[in-house]
Amino acid sequence: TNKKNRYEFYPGSGKEDIPEKNVLNVPIAPLWRKPRRSKRGISALSTSTNPDLLDQDGEDKMGAKGFRKQFSEKIIPALGKFKPNLILISAGFDSGKNDIGCCKWEAGANCSGMDLTPEDYKWVTLQLTTIAQLCEGKIVSVLEGGYGQYSRLGKKITISRESLAKNVCAHIHALTI
């Protein structure tokens with residue numbers, strides 16, 4: 001391998017930041033990783049037995065609340081220090097509440113994932129547009145994911161795009177404010 005042009009794959013485990021390589025890990029677990037209670041007790045995914053699901057203060061890193069906290073405390077300050085020339089957003093709407101990609105579920109099952117709402121998408125986009133002032137507002141957003149949610153019409157199961165559309169609209173609106 002040519003050492004000058006060597007690329008590294010870094011899976012983003014959340015265990016380690018590498019500032020000299022501009023690697024910042026901010027793992028945010030979906031709500032479906034929360035402990036499940038059953039007659040046998042709490043599953044192995046309990047935050048009490050899985051410290052990866054807790055932040056340094058012992059609070060949940062899961063769902064929309066964890067997303068906002070990690071974004072505010074780690075990503076925004078890091079972007080401010082980095083002073084980007086351009087911000088590229090890979091807008092993953094599959095983290096939206098009840099989105100098929102968020103749920104990790106089959107049709108008819110219970111759903112819980114990151115559970116982001118249109119307000120969450122607007123909020124995060126406004127955070128990024130504020131930081132984009134450091135680069136004269138140069139910001140590009142690309143739709144990366146989002147599928148819609150299952151809906152039942154009698155015996156037929158369909159996919160509704162209504163919640164996906166609301167999340168995308170909130171994001172686009174925030175880009176234009």
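**View 1. The hairpin of strands β5 and β6 in the predicted model.** In this predicted model, strand β5, which covers residues 149–153, and strand β6, which covers residues 156–160, run antiparallel and are joined by 5 bridges. Leu 153 of the hairpin stands opposite Lys 156, which belongs to β6. Between the two strands there are 2 residues, and in this hairpin Gly 154 takes a positive phi near 65 degrees.

**View 2. The order of helices and strands along the chain.** For orientation, the secondary structure of the protein chain comes to 4 helices and 6 strands. Read from the N terminus on, these elements follow one another as β-β-α-β-α-α-β-β-β-α. The protein chain has 177 residues, and buried residues make up 33% of them.

**View 3. The largest nonpolar core.** In soluble globular proteins, nonpolar side chains tend to be buried together. The largest nonpolar core of this model has 21 residues, and those with the most contacts inside it are Phe 67, Phe 71, Ile 87 and Leu 116. Two or more residues of this core come from each of the elements α1 (63–82), β3 (87–92) and α3 (118–131). Of these contributions, that of α1 is the most, with 6 residues.

**View 4. Ile 131 and Ile 87, two residues brought together from separate parts of the chain.** Ile 131 lies in helix α3, and because its relative accessible area is 10%, which is under 20%, this residue is described as buried. Along the chain Ile 131 and Ile 87 are 44 residues apart, while their C-alpha atoms are separated by 8.6 Å.

**View 5. A salt bridge between helices α3 and α1.** Side chains of opposite charge can pair when their charged atoms come close. The structure holds 2 salt bridges, and in one of them the side chains of Asp 120 and Arg 68 meet at 2.7 Å, N to O. Asp 120 lies in helix α3 and Arg 68 lies in helix α1, so this pair ties together parts that are 52 residues apart in sequence. The two partners are not covered alike, for Asp 120 counts as buried at 7% relative accessibility, whereas Arg 68, at 27%, counts as partly exposed.

**View 6. A salt bridge within helix α4.** Lys 166 forms a salt bridge with Glu 162, and the closest N and O atoms of this pair are 3.3 Å apart. Lys 166 and Glu 162 are 4 residues apart in helix α4, which covers residues 162–176, and they are therefore separated by about one helical turn. With a relative accessibility of 47%, Lys 166 counts as partly exposed.

**View 7. Two loop residues with positive phi.** Most residues other than glycine have a negative phi, and most peptide bonds are trans. Lys 83, a residue other than glycine, has a positive phi near 55 degrees, and its place is in the loop between α1 and β3. Asp 115, also a residue other than glycine, has a positive phi near 60 degrees, and it is found in the loop between α2 (100–103) and α3. Lys 83 is exposed, with a relative accessible area of 55%, whereas Asp 115 is buried, with a relative accessible area of 14%.

**View 8. A nonpolar patch on the surface.** Leu 86, Leu 88, Val 140 and Val 142 make a nonpolar surface patch of about 360 Å². Val 142, one of these four residues, has its place in strand β4, which covers residues 139–145. The relative accessible area of Val 142 is 48%, and because partly exposed residues fall between 20% and 50%, this residue is classed as partly exposed.

**View 9. Pro 19 and Phe 82.** Pro 19 has its place in the segment before β1 (37–38), and at 60% relative accessibility it counts as exposed. Although Pro 19 and Phe 82 are 63 residues apart in sequence, they are 9.9 Å apart in space, taken from C-alpha to C-alpha.

**View 10. Cysteines without a disulfide.** A disulfide is a covalent bond between the sulfur atoms of two cysteines. This structure holds 0 disulfides. Cys 135 is buried, with a relative accessible area of 4%, whereas Cys 169 is exposed, with a relative accessible area of 52%.

Conventions: Residues are numbered from 1 along each chain as its sequence is written. This is a predicted model: local features need pLDDT of at least 70, side-chain atom pairs count only at pLDDT 80 or more; totals for chains, interfaces and linings use all residues. Side-chain values use heavy atoms; hydrogens and water are left out. Patches are made of residues with over 30% relative accessible area and no salt bridge: like charges are joined within 9 Å, nonpolar side chains (Val, Leu, Ile, Met, Phe, Trp, Tyr) within 5 Å. Accessible areas come from the Shrake-Rupley method with a 1.4 Å probe; for residues, only the protein chains shown count as cover. Buried means under 20% relative accessible area, exposed over 50%, partly exposed in between (1.4 Å probe, protein chains only). Two strands pair if DSSP finds at least two bridges between them. A disulfide is a pair of cysteine sulfur atoms within 2.5 Å. A nonpolar core is a set of buried Ala, Val, Leu, Ile, Met, Phe, Trp, Tyr and Cys residues joined through side-chain atoms within 4.5 Å.
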